[in-house]
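Q: I'm new to this one and would like to learn how to read it. Could you walk me through it, feature by feature?

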Amino acid sequence: MSVRPTASMTGTGSASGPTEIGDLRIELRSVNGRGLVLKQRLCPEALRFEVGFEELVRASVARGTVTLIVERDSGLSGLDRSHMRRLLTDMRTLAADLGLHDNVTLRDLLEFATNTGRPDSASKPIPAGVLALMQRAIDDLRRHRQSDGAATVAALREQLDELCRLALVAQQRAPEIAKAYGEKLQKRVNDLLAAHGLQIEPEVVLRELALFADRSDVAEELQRLTAHLAEANALLGQGGEIGRKLDFLLQELLRETNTLGSKSPDVAMAHGVVAMKSCIDKLKEQAANLE
């Protein structure tokens, strides 16, 4: 079974060409978003297709804030000049009939022509030509989002590999912490005995070591870290819509890493935890772009 590519939420797509309602330019712009939000900026001729446009976008895009722009691509050269001349004559005739001054400007004429030529806003089926152009723009958007998504997944894998390496170092260091603390404690005891001639029962030292070992035991945190990292790697290989799941896993990784740092007084472990948290921050920034 083929793996569906993981897409980014950022990208653009566009298409231009002749349609049943004139030459159009369609542009789609997509940025990050918690869900799917579609904003439409349509020329008057395309207003009746607003519902159909939304259905097309929602069928192709799962997450992101998408702006759809549909505009006439012909400018003033596409105007029916004979119609404009008749309209200007009618406006001047009406002004004369009403006893008004003839001060119609080009701006007045264009605004009136646009408003009177505006189709009704009732939803209509999308004509075949407009539909094909819209689909081309959507396909272009998806290509850009998938290309950006592939680059993001590659960057995520690099950071996950580094995080796995740091977690392995922490796992190897953990058993040495209690031993190092015991040696340090024993040295302090010996120094105290030598300086003051005091005696400390060996049981006291052993009890202190046992308490320390219990407080600083990070085996469970390291086990959960390893499990979360394996799941994150598997998720990247799964493809499709993984953004939300990956964000949740990264929150869990950060929680376990924070606990790891708070339970261990070891300097080397503390430095490793700082590096791990830096990796997780980078992962979260990158994962925020994924669909």
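Q: How do I read a pair of packed helices, say H7 and H8?
A: Two packed helices are described by the angle between their axes and the distance between the axes. Keep in mind that this is a predicted model. Here, the axes of H7 and H8 (residues 267–287) cross at roughly 165 degrees and come within 10 Å. An angle over 145 degrees counts as roughly antiparallel, so that is how H7 and H8 run relative to each other. As for handedness, H7 passes H8 in a left-handed crossing.

Q: Which residues of H7 and H8 meet?
A: From H7, the list includes Gly243, Leu246, Leu250, Leu253, Leu254, Thr257 and Gly261. On the H8 side they meet Met269, Val273, Met276, Lys277, Ile280, Leu283, Lys284 and Ala287. Sorted by character, the residues of the contact of H7 with H8 come to 11 nonpolar, 5 polar and 3 charged.

Q: Gly261 is on that list; is it buried, partly exposed or exposed?
A: For that you look at relative accessibility, where partly exposed sits between 20% and 50%. Gly261, which belongs to helix H7, has a value of 26%, so it counts as partly exposed. You can also look along the chain: Val218 is 43 residues away from Gly261, yet their C-alpha atoms are separated by 9.3 Å.

Q: At what angle do H6 and H7 pack?
A: Read this pair with angle and distance again. Helix H6 (residues 219–238) packs with H7 (residues 243–263) at about 160 degrees, and their axes are 10 Å apart. That angle makes H6 roughly antiparallel to H7. The crossing of H6 past H7 is left-handed. Among the contact residues are Leu222, Leu225, His228, Leu229 and Leu236 of H6, along with Leu246, Leu249, Leu253 and Leu260 of H7. Overall, the contact of H6 with H7 divides into 10 nonpolar, 4 polar and 7 charged residues.

Q: Let's zoom in on His228; is it buried or exposed?
A: The cut-off for buried is under 20% relative accessible area. His228, a residue of helix H6, has 15%, so it is buried. Setting aside neighbours within four places in sequence, His228 touches Leu249, Glu252, Leu253 and Glu256.

Q: Now for the strands. In what order do they form the sheet?
A: For a sheet, you follow which strand pairs with which. This one is an open sheet of 4 strands in the order S1-S2-S4-S3, with mixed pairing. S1 and S3 (36–42) are the edge strands, each pairing on one side only. On average, neighbouring strands in this sheet are turned by 15 degrees against each other, direction ignored.

Q: How many bridges link S1 and S2?
A: Strand S1 (residues 11–19) and strand S2 (residues 22–31) pair over 9 bridges, in the antiparallel sense. A hairpin through 2 residues joins S1 to S2. To see the register, look for residues opposite each other: Thr12 faces Arg29 in S2, and Ser16 faces Arg25 in S2.

Q: And how many bridges pair S2 with S4?
A: S2 and S4 (residues 64–72) have 8 bridges, again antiparallel. One to find is Leu24, whose bridge partner in S4 is Arg72.

Q: Which strands does helix H1 lie across?
A: Helix H1 (residues 50–60) lies across S2, S3 and S4. Its direction is given against one strand: H1 runs at about 140 degrees to S3.

Definitions and conventions:
Residues are numbered from 1 along each chain as its sequence is written. This is a predicted model: local features need pLDDT of at least 70, side-chain atom pairs count only at pLDDT 80 or more; totals for chains, interfaces and linings use all residues. Side-chain values use heavy atoms; hydrogens and water are left out. Axes are lines fitted to C-alpha atoms, for helices over the stretch in contact, and angles run from 0 to 180 degrees between N-to-C directions. Angles under 35 degrees count as roughly parallel, over 145 as roughly antiparallel, 65 to 115 as roughly perpendicular and the rest as oblique. A crossing is left-handed if the near helix is turned anticlockwise from the far one by less than a right angle, and right-handed if clockwise. Contact means heavy atoms within 4.5 Å. Ala, Val, Leu, Ile, Met, Phe, Trp, Tyr, Cys and Pro count as nonpolar, Asp, Glu, Lys and Arg as charged, and the others, Gly among them, as polar. Two strands pair if DSSP finds at least two bridges between them. Buried means under 20% relative accessible area, exposed over 50%, partly exposed in between (1.4 Å probe, protein chains only).
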